[in-house]
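Okay, thanks for squeezing me in, everyone. Let me put the structure up and then we'll walk around it together.

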Amino acid sequence: MASPEADPDLVYRHPRSGEASHDRRDPVGEARETFVEPALAALGRVPPGLRILEIGFGRGLNTAAALRALAGAGARRVLALGLEPGHPALEAPWPPAPPELAPWAPWWGRARGAWRLERDGLRARGCILGERAGSALARSGASFDLVFLDLFSPGRHPEDWDPGLEALLAARCRPGAVLTTYCCARRLREALAAAGWRVERRRRRGRKDALRAVLEGPLESPGRGFIMRRRDGSRPCP
Ligand SMILES: C[S@@+](CC[C@H](N)C(=O)[O-])C[C@H]1O[C@@H](n2cnc3c(N)ncnc32)[C@H](O)[C@@H]1O
């Protein structure tokens with residue numbers, strides 16, 4: 001349900017098109033209902049050491065909502081990678097975090113870097129990389145369980161959608177991994193299906209349709225952790 005007192009500053013806009021980063025009426029509800037709840041419902045049992053990937057991390061509302069929900073579901077260990085090449089709004093002082101998510105967003109106010117969280121029995125650690133999804137995933141050895149795909153819309157911002165992203169995601173997720181996104185564009189649905197994702201368009205009363213996809217088939221490159229290295233050999237992620 002939309003909350004009339006939702007803080008509009010949480011939402012930032014695409015510098016060219018003016019498109020909003022979230023539903024202005026209820027950004028936290030959108031994170032929960034569009035991204036997190038359908039993903040956890042399809043995931044079923046939470047695997048130990050669950051790995052989350054958020055593409056278009058921004059302020060990380062989806063990851064924060066996921067950590068909160070996972071702790072409530074009894075998860076013990078979570079790794080989370082956020083990919084965010086940068087946006088002017090993230091370089092300015094951030095507005096206060098929404099109260100229900102503040103304890104679950106230790107990165108709040110920082111556009112990138114590593115973070116850790118221990119709360120309600122959950123031990124989580126993660127990293128926000130200032131990099132585009134295409135290049136980061138191309139050199140990652142990771143194997144993700146949950147993907148929140150939260151880029152600005154492909155119709156108006158095709159330059160944000162790296163070519164082959166859907167297949168790269170299939171290669172970097174374990175079978176049974178769940179991807180959620182607000183975006184129902186036909187070209188995204190077709191590219192996901194072609195890459196081995198079982199795609200479901202979720203019709204919702206009072207909200208726009210949303211997408212959920214579950215990865216079928218074998219992993220192309222099973223991985224461990226995030227395993228990424230800079231050119232100098234150092235590791236930007238835990
Ligand atoms: C809709 S906003 C994401 C909102 C965010 N999830 C939050 O909780 O605040 C889309 C974001 O995707 C980022 N972005 C643009 N191109 C990208 C790419 N190729 N890979 C990853 N992120 C990208 C933008 O900088 C922007 O911050």
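I'll go through the core, then one helix, then the ligand, and finish with a couple of loops.

Before anything else, keep in mind that this is a predicted model.

So, the core. The largest nonpolar core has 66 residues, and Leu67, Val78, Leu146 and Val147 are the ones touching the most other members. Which helix gives this core its largest share? That's helix α2, residues 61–72, which puts in 7 residues. Have a look at valine 78 while we're here. Skipping its neighbours within four places in sequence, valine 78 is in contact with Leu50, Ile52, Leu67, Leu70, Leu122 and Ala124.

Now swing over to helix α6, residues 186–194. Its buried residues are Leu188, Ala191 and Leu192. If you look down the axis of α6, those buried residues fall within an arc of 100°, so they line one face of the helix. What sits on the face turned away from that buried side? There you find Arg186, Glu190 and Ala194, which are exposed. As for the cover over the buried residues of α6, it includes α5 (165–171), β7 (197–202) and β8 (210–215). And after α6 comes glycine 196, with a positive phi, near 105°.

Next, the ligand. How many residues surround the ligand? The count is 21, and the closest are Gly56, Gly58, Leu61, Arg132 and Asp160. Split by class, that shell has 8 nonpolar, 7 polar and 6 charged residues.

Last stop, the loops. Aspartate 120 is in the loop between β3 and β4 (122–129). Most residues other than glycine have a negative phi. Aspartate 120, though, has a positive phi, near 50°. Is aspartate 120 buried or exposed, or something in between? It's partly exposed, because 14 other C-beta atoms lie within 10 Å, and partly exposed is what we call anything between the exposed limit of 12 or fewer and the buried limit of 20 or more.

The other loop runs between α3 (88–91) and β3 (113–119), and proline 96 lies in it. Proline 96 has 11 other C-beta atoms within 10 Å, so this one counts as exposed. Where does glycine 109 come in? Glycine 109 and proline 96 are 13 residues apart along the chain, and their C-alpha atoms are separated by 8.7 Å.

That's my tour, so over to you for questions.

Notes. Residues are numbered from 1 along each chain as its sequence is written. This is a predicted model: local features need pLDDT of at least 70, side-chain atom pairs count only at pLDDT 80 or more; totals for chains, interfaces and linings use all residues. Helices (H or I, at least four residues) and strands (E, at least two) are DSSP runs, numbered from the N terminus. The arc is that of the directions from the helix axis to the C-beta atoms. Two residues are in contact if their C-beta atoms, placed from the backbone, lie within 7 Å. A residue is near a molecule or strand if its C-beta atom, placed from the backbone, lies within 6 Å of it. Ala, Val, Leu, Ile, Met, Phe, Trp, Tyr, Cys and Pro count as nonpolar, Asp, Glu, Lys and Arg as charged, and the others, Gly among them, as polar. A nonpolar core is a set of buried Ala, Val, Leu, Ile, Met, Phe, Trp, Tyr and Cys residues joined through C-beta atoms within 7 Å.
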